[in-house]
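Biologist: I should be grateful for a close look at one part of this model, followed by an account of the regions around it.

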Amino acid sequence: MSAGLVIRDARPGDEDAILALLMEFAEFEKLTHKFRLTREIVSRDFIGDRRRVQCDVAEWDAAPAGVMIWYRIYGTFEACPALFLEDLFVRPAFRRRGIGKGFLRQLVRYAIEDGANRIDWSVLDWNTPAMAFYDDIGARAVPDWRVYRLGADAFHRLADA
């Protein structure tokens, strides 16, 4: 890692930076219509004692440069823990400095500590620069699998069936 780069666990006081980074990410992904995150939710779910996800922050010379959100999952057939990378975003002004690779190196360290055998994530099909980056580091698209999602709008319909 570069001397200017620090990747660390999110802590109290990071709420506004995390919120701003994730809003920029939502804008990049053209998903602001789904953005419901608030400072209070960041404090509770990303930093609090009972956090729901893990959050790492990248700083470049003390400036907020990126954010990574991840959580633990489990592969039942493999009987092994795994990690799921929910979000990885580096501000455009800080790209091509090794921050994305630094985030993934940190995630690999977490996976090794947990005894995990894989890290999974999704990428939008139009994000060819991200796919090229992932291919370059040795990640591969999972053949024969598609991501499906049952949204809250369908919960009641299924529950009442």
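Which residues in H3 meet which residues in H4?

Modeller: This is a predicted model, and the description that follows should be read as such. On the H3 side the residues are Gly100, Lys101 and Leu104, and in H4 they meet Phe133, Tyr134 and Asp136. Sorted by class, the contact of H3 with H4 has 3 nonpolar, 1 polar and 2 charged residues. Helix H3 comprises residues 99-114 and helix H4 residues 128-136; the two pack at an angle of about 55°, and their axes are 12 Å apart. An angle that lies between 35 and 65 degrees is neither roughly parallel nor roughly perpendicular, and H3 and H4 are therefore oblique to each other. The crossing in which H3 passes H4 is right-handed.

Helix H3 also contains Leu107. With a relative accessibility of 0%, Leu107 counts as buried, the cut-off for that term being under 20%. When residues up to four places away in sequence are not counted, Leu107 touches Met68, Trp70, Leu83, Leu85 and Ile119. Two of these partners can be placed by their numbers: Met68 falls within strand S3, residues 63-75, and Leu83 falls within strand S4, residues 80-90. A contrast in position is given by Ala159, which is 52 residues from Leu107 along the chain, with 36 Å between the two C-alpha atoms.

The loop between strand S4 and H3 deserves attention next. Arg91 lies in this loop, and so does Arg95. Arg91 has a relative accessible area of 17% and is buried. Leaving aside neighbours within four places in sequence, the contacts of Arg91 are Ala20, Leu21, Glu24, Pro64 and Ala65. Arg95, by comparison, is partly exposed, at a relative accessible area of 34%. Its contacts, again not counting residues up to four places away in sequence, are Phe28, Phe89 and Val90. Arg95 is also 9.3 Å from Gly66, C-alpha to C-alpha, although 29 residues separate the two in sequence.

Some of the partners of Arg91, including Ala20, Leu21 and Glu24, belong by number to helix H1, residues 15-28, and this leads to the pairing of H1 with H2. The axes of H1 and H2 cross at roughly 100° and come within 9 Å. That angle makes H1 roughly perpendicular to H2. In H1 the residues involved are Glu15, Asp16, Ile18, Leu19 and Leu22, and they meet Arg39, Val42, Ser43, Phe46 and Ile47 in H2. By class, this contact of H1 with H2 has 6 nonpolar, 1 polar and 3 charged residues.

Helix H2 spans residues 39-47, and its buried residues are Val42, Asp45, Phe46 and Ile47. These four cover an arc of only 155° around the axis, so they are on the same side of H2. The elements against which the buried residues of H2 pack are helix H1, strand S2 (54-60) and strand S3 (63-75). Of the buried residues, Val42, Phe46 and Ile47 are also among the H2 residues that meet H1.

Between H1 and H2 runs a loop in which Phe35 is placed. Not counting residues up to four places away in sequence, Phe35 touches Leu19, Leu22, Met23 and Ala26. For one of these, Leu22, the separation from Phe35 is 13 residues along the chain and 8.9 Å between C-alpha atoms. Leu19 and Leu22 are likewise among the H1 residues that meet H2.

Backbone geometry supplies a last point. Most residues other than glycine have a negative phi. Lys30, which is not a glycine, nevertheless has a positive phi of about 60°. Lys30 lies in the loop between H1 and H2 and is exposed, with a relative accessible area of 60%. Ala79 is not a glycine either, and has a positive phi of about 50°. Its place is the loop between S3 and S4, where Ala79 is exposed at a relative accessible area of 52%.

Note on methods
Residues numbered from 1 in each chain as written. Predicted model: local features only at pLDDT ≥ 70, side-chain atom pairs only at ≥ 80, totals over all residues. Heavy atoms only, no water. Buried < 20%, exposed > 50% of the residue type's maximum accessible area, 1.4 Å probe, protein only. Arc of directions from axis to C-beta. Contact = heavy atoms within 4.5 Å. Axes fitted to C-alpha atoms, helices over the stretch in contact; angles between N-to-C directions. Parallel < 35°, antiparallel > 145°, perpendicular 65-115°, else oblique. Left-handed = near helix turned anticlockwise from the far one by under 90°. Nonpolar A, V, L, I, M, F, W, Y, C, P; charged D, E, K, R; others polar.
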